[in-house]
Amino acid sequence: MNILQKINSIIPASSKRIFSQNYLRLFSSTITQPQTIGENEIAVPQKDKLYSRLEIELKGIEPEVMRSYAWYAQKSAEHLGIKIGRCYAARKSEKDRWTVLKSVHVHAKHLVSYEARTYYRFMNFHNLTQSTLETFLEYIQRNLPEGTAMKATKIEIQPLPEHIVKSIEENAK
Amino acid sequence: MLLKNIRNFNSSIYISSRHCFRPYSQGNVNEESYIEDEFRVLNLRKTKGKQRENAKKSKPPSVPPPRYQQMATDQDWSAVWPGPRSFHPATVPLPLRQGWVPLHKTTPGKFANAELMKIPNFLHLTPPAISKQCEALKKFCTPWPKILESEEQQEKHFPVKFISSDYVHGLPTIRNPLSRIVTIKLNLDNLQLDKHAKDKFLRLVGERYNEQTNELTIVTDRCPLKQQNYDYAMYLLTALYHESNITEEWENTKQEADMEYYDWHRNKSKVTSTEILNWRSTSDKKIDPPQGYINSVETLMNEGENDYNLNKYKEEVIKMLGLS
């Protein structure tokens with residue numbers, strides 16, 4: 001029998017009927033203790049990694065679109081409390097040019113040139129934690145406009161590996 | 001009189017029968033013809049094609065005025081334009097003009113403007129929208145530890161730099177083979193190598209060491225995944241460190257030709273200078289060349305000949321031979 005049918009059978013017809021769309025809510029309870037699935041326990045939260053610098057390189061076909069996007073990225077960094085470093089654009093675009101024959105057959109004297117222009121823009125952000133970086137990057141990347149590609153270079157600072165530290169201490173003795 | 005009557009009668013018939021209801025006729029159908037109690041009018045002209053043409057010519061739908069005319073100036077714009085969207089002229093309340101035109105012509109307006117529609121707009125990311133979205137995102141961010149504000153502190157506690165890149169592009173795949181490249185940077189002072197270990201380390205490492213910044217850079221890309229390349233780089237670092245601390249037996253067979261710097265004590269200069277100082281001396285006590293002379297010769301050979309080094313050498317030689 002369905003749970004709803006069971007409820008209806010218990011409650012007498014004279015009393016008010018409680019119709020809840022999510023009937024599971026009536027029977028659920030909040031879980032306050034950590035669940036143990038067999039012998040495994042829920043993993044301990046990991047420590048936040050530290051990034052001394054995040055460099056974003058934008059590659060696009062429209063310099064004005066990239067300019068607006070850079071303004072938006074810097075504004076959102078400001079709001080999230082991220083330190084903004086050097087932000088600049090390449091003065092000239094990179095031009096790929098190739099010259100091919102205009103005609104399918106013969107007429108080598110007549111050629112046509114094609115050109116593809118790629119504009120570059122760079123932004124640097126300093127001193128980010130892993131959570132901040134991931135949040136910021138995801139937000140920025142979801143709003144990346146059409147005709148623009150991004151390369152995000154992350155410089156993570158780490159302590160010396162433990163085994164090397166141990167060896168250094170042993171050698172020092 | 002009959003003729004007059006007939007004429008009048010005919011005209012009245014003609015006028016009245018224009019407004020006739022003709023369900024199965026193939027003549028011209030007018031709106032007026034749907035009134036009953038009127039006679040039909042025979043129309044022998046070609047009306048079939050025109051009827052079809054008129055049926056095909058659908059009336060343009062009655063469109064309400066553009067929405068922006070009913071917008072308040074203090075409205076919530078992020079509710080009107082919540083996400084990225086092609087430009088819609090009736091929704092955007094701005095009097096925009098876009099397009100190149102030759103001289104003495106007006107720039108085209110926003111309605112039916114393909115240029116405005118093609119270019120990506122940022123109307124969904126206005127300053128209030130950005131601040132709203134960032135406010136919502138703040139709970140996922142953590143602050144940077146205050147101790148690590150300065151670079152020296154960062155270098156002291158976290159000397160290793162792990163550099164990697166991620167790519168965002170509009171392709172069918174999200175994979176980019178360039179993202180497997182990993183760079184590890186480390187200042188060698190952190191490894192606390194002694195003289196022999198540092199010499200061996202630098203020989204093993206070769207071009208990956210920068211003398212000016214005393215920084216080692218390891219770039220790995222031989223594995224297909226970033227994590228694998230990182231593990232390999234750390235393995236290389238460990239192997240280099242341990243290998244440079246070990247002294248092999250064959251290292252003692254180092255010749256003068258293998259020396260990467262000039263050591264006065266291993267060279268002819270020591271022999272000749274002591275010989276000159278102790279020329280035909282019969283006493284057992286041998287005069288050693290002074291440290292100043294040794295240093296001047298070493299700097300000459302290691303750094304090269306320049307005015308300063310040559311002058312220094314001259315002074316030291318004069319001092320040593322007692323000629324001044």
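Leaving aside its neighbours within four places in sequence, which residues is Glu316(B) in contact with? Keep that one in mind, everyone, and I'll come back to it after the interface.

Some housekeeping before the tour. What we have here is a predicted model, where local features need pLDDT of at least 70, side-chain atom pairs count only at pLDDT 80 or more, and totals for chains, interfaces and linings use all residues. Residues are numbered from 1 along each chain as its sequence is written, chains are lettered from A and ligands numbered from 1 in the order in which they are written, and side-chain values use heavy atoms, with hydrogens and water left out.

Let's start where the two chains meet. On chain A, 44 residues are in contact with 44 residues of chain B, contact being heavy atoms within 4.5 Å. The area buried between the two chains is about 4000 Å², and carbon and sulfur atoms give 67% of that. Buried area here is the accessible area, with a 1.4 Å probe, that two parts lose on being put together, summed over both.

How many salt bridges does the rule find across the interface of chain A and chain B? The count is 1, with a salt bridge taken as a side-chain nitrogen of Lys or Arg within 4 Å of a carboxyl oxygen of Asp or Glu. The side chains involved are those of Lys154(A) and Asp166(B), at 2.2 Å from N to O. Polar contacts across the interface come to 18 residue pairs, both partners at pLDDT 80 or more. For that term, we need a pair of N or O atoms within 3.5 Å; within protein, one must be able to donate a hydrogen and the other to accept it, and residues adjacent in sequence count only if both atoms are side-chain atoms.

Which elements of chain A give two or more residues to the side that touches chain B? They are strands E1 (50-60), E5 (111-129) and E6 (148-158), together with helices H3 (63-79), H4 (130-142) and H5 (162-172). Helices (H or I, at least four residues) and strands (E, at least two) are DSSP runs, numbered from the N terminus. E6(A) gives the most to this side, with 10 residues. By residue type, the side of chain A that touches chain B divides into 21 nonpolar, 16 polar and 7 charged. In that scheme Ala, Val, Leu, Ile, Met, Phe, Trp, Tyr, Cys and Pro count as nonpolar, Asp, Glu, Lys and Arg as charged, and the others, Gly among them, as polar.

Now follow E6(A) across to chain B. It runs antiparallel to strand E1 of chain B, residues 160-168, and 9 bridges join the two; strands pair if DSSP finds at least two bridges between them. Along this pairing, Thr153(A) has Ser165(B) as its bridge partner, and Ile157(A) stands opposite Lys161(B). E1(B) also runs antiparallel to strand E2 of chain B, residues 182-187, through 4 bridges. There, Lys161(B) stands opposite Lys185(B).

Is E1(B) mostly covered or mostly open? Mostly covered: 7 of its 9 residues are buried. Buried means under 20% relative accessible area, exposed over 50%, and partly exposed in between, with a 1.4 Å probe and protein chains only.

Staying in chain B, take Thr220(B), in strand E4, residues 215-220. Thr220(B) counts as buried because its relative accessibility is 3%. A polar atom of its side chain lies 3.1 Å from the backbone oxygen of Asn229(B).

Lys132(B), in helix H5 (residues 127-137) of chain B, is partly exposed at 45%. Its side chain makes a polar contact with the side chain of Ser78(B), at 2.6 Å. Those two residues are 54 apart in sequence and 9.4 Å apart in space, C-alpha to C-alpha.

Back to my opening. Glu316(B) sits in helix H11, residues 307-321, of chain B, and its contacts beyond four places in sequence are Gly292(B), Tyr293(B) and Ser296(B). Glu316(B) is buried, at 7% relative accessible area.

Last, two backbone details. His107(A), in the loop between E4 (94-101) and E5 of chain A, has a positive phi near 60°. Ala112(B) also has a positive phi, about 55°, although it is not a glycine. His107(A) is partly exposed at 46%, while Ala112(B) is exposed at 77%.
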